[in-house]
Amino acid sequence: MHPRLSLLALGITLGLAAGAHASTTEQPKLTAQTRNSGGAMPAEQARLHFDHAELHFAIDPARRHLDGEATLRFTAREPTDVLLLDLDRNLPIRSVAVDGKPLARDAWSNPDGRLRIRLAQPLGKDDSVSTTIVYGGKPHVAKRAPWDGGFVWSHTKDGQPWVASAVEGEGCDLFWPCIDQPTGEPDLVDTYVTVPKALAAPGNGVLVEIRDNGATRTWHWRIKQPDTYAITLNVGPFEELRGDYKSRYGNTIPMELWYLRGHEADARALFAEFPRMLDFFEQQIGPYPFGDEKMGVVETPHLGMEHQTLNAYGNGYPKSAYGFDWLLQHEFAHEWFGNQVTNRNWDDMWLHEGFGTYMQPLYGQYLHGDMPYFSMLHEERMKLSNTSPIVSGQPRTEEEVYDGKTGPGLDIYYKGSLVLHTLRELIGDDAFFESVRRLVYGRPDPEPGNFRPRYATTKEYIGIVDQVTGKDLKWFFDVYLYDAKLPRLETNRRGDMLQFRWVTAHGEPFPMPLDVQVGDTVHTLAMAGGTGELKVPEGSLMIVDPRSKVLREMPHVEAFQAWEKAQKADKKAKEKAAQKN
């Protein structure tokens with residue numbers, strides 16, 4: 001998950017790269033096909049299981065050029081006579097072969113970024129096929145990574161190349177031929193990255209070898225079942241910190257941090273946070289999913305992204321009022337929520353971002369108690385828009401989900417997190433964390449070696465919660481995930497009795513229990529049928545929901561948001577007027 005929208009909302013500036021990014025004014029435009037990632041999967045792609053990708057990249061930082069050769073192996077789930085892949089047409093294809101035999105030019109086409117390869121011999125069910133695609137050119141440059149996908153060509157303070165890829169938004173097809181869908185993960189990927197000899201190329205998974213070619217070196221990495229957008233290229237004059245983490249599950253997890261020369265003191269301080277974060281996640285959620293590969297981080301000239309086993313980090317090593325680097329923690333959370341369990345469609349992206357965001361308040365609670373927990377939740381609450389449902393129930397592209405004007409945008413982060421807080425308060429810690437383990441691992445008793453990366457949907461998670469609790473909680477998820485507006489609590493006084501009633505956007509039932517403190521006593525109203533009442537004599541101290549358990553409409557929040565919006569508009573108007581004068 002990338003942090004693009006949440007970071008914008010936090011107002012973090014991106015002056016972290018040592019050098020300016022490449023100009024993007026002259027690069028060819030992306031086609032609509034390449035700009036979009038996800039949506040409904042074409043039938044031709046659904047017929048294929050992606051077995052293996054062997055990806056060779058030669059990176060020339062001076063020319064900002066990429067040469068690629070991809071050998072991809074598939075097994076047919078059902079008969080097919082075509083291979084349908086995704087690759088930016090602005091990376092010209094030089095040749096295509098199938099099972100080692102070169103194809104004539106009229107046997108394949110890539111007019112809009114969707115590469116169609118016609119098979120001379122149709123595949124039957126369970127038949128295998130491989131294709132080799134040779135291509136190259138200037139890969140799309142990110143206008144502002146990670147919010148816009150592409151390459152970042154930068155340089156260090158002493159002028160050395162510093163390169164990174166960040167492609168979640170537009171997808172893997174920005175630099176390698178792939179199936180640009182959440183469910184398009186290959187079982188195994190080998191990457192071979194050739195770079196100038198003075199530079200390093202840290203990558204996903206396990207380092208197999210470094211081959212010396214004279215003026216260049218080739219770094220060979222191998223990773224199992226990575227997210228399609230999680231394959232990453234990183235090039236720079238990196239130094240490396242290494243260590244081992246002794247897991248509570250008995251295994252040893254390699255830890256790596258690749259940092260720029262000159263940043264050693266800051267890097268060591270950040271590296272010291274790794275074991276503590278691992279302990280939190282393994283204790284709260286379950287085993288680190290990629291313990292036989294590594295927990296890795298690489299310093300990047302963009303803010304960050306959850307590249308499986310090698311998270312991008314460009315947060316500038318700041319100090320925090322909460323005692324931890326929130327960006328590192330958020331991206332690391334995606335190893336569980338995004339890389340271990342992947343949404344089947346972008347419409348379910350809150351499974352990545354909502355859970356990933358909730359891990360920061362939880363981690364604050366783990367470290368320092370309730371104060372940081374509720375402080376972070378309050379910050380999230382003030383950023384909700386509630387203009388679109390978190391989940392639409394229909395296949396969607398990445399852009400449709402992350403666009404805050406027409407889709408849920410930031411709410412998949414913040415509202416998703418607050419929904420999880422409310423769910424935890426409703427069903428209790430034991431049931432909540434068991435439901436999370438079942439979502440992540442597909443079982444309640446994960447141990448290293450007894451699970452694999454998996455796909456999940458919102459409906460599946462709702463079913464898990466119902467199974468764990470023994471209750472039908474459809475009413476909860478209908479209101480919080482499939483409605484845009486939050487439930488509203490109405491109160492009405494009749495003498496000494498106060499009547500409470502939940503009001504939902506479409507009149508759905510909402511029997512959410514409600515705590516009401518009267519004097520020193522906290523009463524819990526069952527709110528069966530969405531209503532309840534309590535004796536509250538006039539003049540009594542009364543606090544509704546004293547422990548802030550329930551996510552609901554709150555007039556003071558909406559009033560503040562409206563005032564803040566007006567202040568920003570007024571400031572912008574004054575700045576515009578000043579420019580004219």
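In helix 11 (residues 429-441), Arg438 and Glu434 sit 4 residues apart, so about one helical turn separates the two. Their side chains meet in a salt bridge in this predicted model, with N and O 2.9 Å apart. Glu434 is partly exposed, at 24% relative accessibility. Elsewhere, salt bridges with shared partners link Glu240, Arg242 and Glu256 into one network.

Other charged pairs can be set beside this one. Helix 4 (residues 264-271) holds both Arg268 and Glu264, again 4 residues apart and about one turn of the helix from each other. This pair forms a salt bridge as well, its closest N and O atoms lying 2.9 Å apart. Arg268 has a relative accessible area of 47% and is partly exposed; Glu264, at 38%, is also partly exposed. A further salt bridge brings together the side chains of Arg424 and Asp429, at 2.7 Å from N to O. Here the partners fall into separate classes: Arg424 is buried, with a relative accessible area of 11%, whereas Asp429 is partly exposed at 38%. Arg424 is classed as buried because its 11% is under the 20% cut-off. The count for the structure comes to 26 salt bridges.

Turning to the strands, an open sheet is built from 5 of them in the order 15-16-17-19-18, with mixed pairing. Strand 15 (238-246) and strand 18 (304-305) stand at the edges; each has a single partner strand, so one side of each has no neighbour in the sheet. Within the sheet, strand 16 (residues 252-260) and strand 17 (residues 295-299) run parallel and are joined by 4 bridges. One point along this pairing is given by Leu257, whose bridge partner in strand 17 is Val297.

Helices lie across this sheet. Helix 5 (residues 274-284) lies across strand 15, strand 16 and strand 17, and runs at about 135 degrees to strand 16. Helix 6 (residues 326-333) lies across strand 17, strand 18 and strand 19 (311-313), with an angle of about 165 degrees to strand 19. Strand 17 is thus crossed by helix 5 and by helix 6.

Antiparallel pairing is found around strand 7 (residues 114-123), which pairs with strand 3 (residues 80-86) over 6 bridges. In this pairing, Val82 has Arg118 of strand 7 as its bridge partner. Strand 7 also pairs in the antiparallel sense with strand 6 (residues 108-109), over 2 bridges, and Ser109 stands opposite Arg116 in strand 7. Strand 6 and strand 7 make a hairpin with 4 residues between the strands, where Gly113 takes a positive phi near 100 degrees.

The structure holds 1 disulfide. This link joins Cys172 to Cys178, with an S to S distance of 2.1 Å. The disulfide of Cys172 and Cys178 is right-handed, with 90 degrees about the S-S bond. Cys172 is buried, at a relative accessible area of 0%, and Cys178 is likewise buried at 0%.

What about the interior? In soluble globular proteins, nonpolar side chains tend to be buried together. The largest nonpolar core of this model has 152 residues, and the members that touch the most others are Trp176, Ile285, Trp350, Tyr461 and Phe500. Residues up to four places away in sequence aside, the neighbours touched by Tyr461 include Trp350, Leu351, Phe355, Leu420 and Leu423. Phe432, Ser435, Val436, Leu439 and Phe477 are also among the residues that Tyr461 touches. A second core of 6 residues is separate, and its members include Ala142, Val152, Ala166 and Met305.

Next to Tyr461 in sequence is Glu460, which lies in helix 12 (residues 458-469). Glu460 is partly exposed, with a relative accessible area of 28%. Neighbours within four places in sequence aside, Glu460 is in contact with Arg454 and Tyr455. Between the C-alpha atoms of Glu460 and Gly338 the separation is 15 Å, while the two residues are 122 residues apart along the chain.

Terms used:
Residues numbered from 1 in each chain as written. Predicted model: local features only at pLDDT ≥ 70, side-chain atom pairs only at ≥ 80, totals over all residues. Heavy atoms only, no water. Salt bridge = Lys/Arg side-chain N within 4 Å of Asp/Glu carboxyl O. Buried < 20%, exposed > 50% of the residue type's maximum accessible area, 1.4 Å probe, protein only. Pairing = 2+ DSSP bridges. Contact = heavy atoms within 4.5 Å. Axes fitted to C-alpha atoms, helices over the stretch in contact; angles between N-to-C directions. Disulfide = S-S within 2.5 Å. Core = buried A, V, L, I, M, F, W, Y, C linked by side-chain atoms within 4.5 Å.
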